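Work through the exercises below with the sequence and the model open beside you. Try each task on your own before you read the solution that follows it.

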Amino acid sequence: MEEELLAGVPCSSRAVESVIRVSTAGGLYGFCAGPHNARKLGLSGVSQASYVAKSIGKIGFQCGIVSGIFTLTNCGLQRYRGKSDWVNALVGGAVAGAAVALRTRNWSHVLTTAGLVSIFSVLANSTRTDLKQQQQH
């Protein structure tokens, strides 16, 4: 049912929705982790507030970028191949992981991150697929 509803939605719209949702979640994580990390660094007052604000923006932005790249790649592959399976999640996770790790310019780090993100993407996709099948029965 969900696949039928999403069939007419452009991949760019799905990516924007994903970026907004996951950036918000990342920002909330930054809001929770920022004060703890600032206290560990010995910051207080205005410097602590500045650190927390930067944490919210940085973590939210990074999470949104990963989510947008993954969603756009996954959706594009799904439309191109005409299938919604684990291969789309594997490639989407690898592209998103590699894109995030490219800043390090360390190829072993890029490959490791791409592999880990793709594995987690496939696991999340298979869990979602299993839940859909259980709801249908």
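The exercises that follow concern a predicted model, and each one is solved step by step.

**Exercise 1. The overall fold**

Task: Find how many helices and how many strands the protein has, and state what share of the residues counts as buried.

Solution: Begin with the secondary structure, where the count gives five helices and zero strands. Next, follow the chain from the N terminus on, and the elements can be written in order as α-α-α-α-α. Finally, turn to accessibility, for which a residue counts as buried when its relative accessible area is under 20%. By this cut-off, 28% of the 137 residues of the protein are buried.

**Exercise 2. Two salt bridges**

Task: Identify the residues that pair in the salt bridges of this model, and decide for each partner whether it is buried, partly exposed or exposed.

Solution: The general idea comes first: side chains of opposite charge can pair when their charged atoms come close. The structure holds two salt bridges, and they can be taken in turn.

In one of them, the side chain of R21 meets that of E17, with 2.8 Å from N to O. Both residues belong to helix 2, which covers residues 11–40, and because they are four residues apart there, about one helical turn separates R21 from E17. For the accessibility, recall that over 50% means exposed, under 20% means buried, and values in between mean partly exposed. R21 has a relative accessible area of 58% and is therefore exposed, whereas E17, with 38%, is partly exposed.

The other salt bridge joins R81 and D85, whose closest N and O atoms are 2.7 Å apart. With a relative accessible area of 30%, R81 is partly exposed, and D85 also counts as partly exposed, at 22%.

**Exercise 3. The largest cavity**

Task: Give the volume of the largest cavity, list the residues that line it, and sort them by chemical character.

Solution: Start with the count, since the structure holds one cavity of 30 Å³ or more. The volume of the largest cavity is about 40 Å³, and its lining is formed by N74, Q78, S84, D85, N88, A89, N125 and R128. Helix 3, helix 4 and helix 5, the last of which spans residues 107–136, are the elements that contribute two or more residues to this lining. Sorting the lining residues gives one nonpolar, five polar and two charged. One of these lining residues, D85, has already appeared as the salt-bridge partner of R81.

**Exercise 4. The second largest pocket**

Task: Determine which helix supplies the largest share of the lining of the second largest pocket, and describe the character of that lining.

Solution: The second largest pocket encloses about 320 Å³ of space. Its lining consists of V22, F61, Q62, C63, I65, V66, S67, A99, V100 and R103. Helix 3, which runs over residues 46–81, and helix 4 each provide at least two of the lining residues, and the largest share, six residues, comes from helix 3. By character, the lining divides into seven nonpolar residues, two polar ones and one charged one.

**Exercise 5. Helix 4 and what follows it**

Task: Describe the nonpolar surface patch that includes W86, and then examine R105 and L116 further along the chain.

Solution: First, place W86 in helix 4, which comprises residues 86–101. Together with L90, V91 and V95, W86 makes a nonpolar surface patch of about 330 Å².

Second, move on to the loop between helix 4 and helix 5, where R105 is located. R105 has a positive phi of about 60 degrees, although R105 is not a glycine, and at 75% relative accessibility this residue counts as exposed.

Third, continue into helix 5, in which L116 is found. L116 is partly exposed, with a relative accessible area of 45%. Although L116 and G97 are 19 residues apart along the chain, their C-alpha atoms are separated by 7.6 Å.

How values were computed
Residues are numbered from 1 along each chain as its sequence is written. This is a predicted model: local features need pLDDT of at least 70, side-chain atom pairs count only at pLDDT 80 or more; totals for chains, interfaces and linings use all residues. Side-chain values use heavy atoms; hydrogens and water are left out. Patches are made of residues with over 30% relative accessible area and no salt bridge: like charges are joined within 9 Å, nonpolar side chains (Val, Leu, Ile, Met, Phe, Trp, Tyr) within 5 Å. Accessible areas come from the Shrake-Rupley method with a 1.4 Å probe; for residues, only the protein chains shown count as cover. A salt bridge is a side-chain nitrogen of Lys or Arg within 4 Å of a carboxyl oxygen of Asp or Glu. On a 1 Å grid over the protein atoms alone, a cavity is a set of points where a 1.4 Å probe fits but cannot get out, and a pocket is an open set with protein on both sides within 12 Å along at least five of seven lines; lining residues have an atom within 4 Å of a point. Grid points are joined across faces, edges and corners, and a volume is the space filled by probe spheres set on the points. Ala, Val, Leu, Ile, Met, Phe, Trp, Tyr, Cys and Pro count as nonpolar, Asp, Glu, Lys and Arg as charged, and the others, Gly among them, as polar. Buried means under 20% relative accessible area, exposed over 50%, partly exposed in between (1.4 Å probe, protein chains only).
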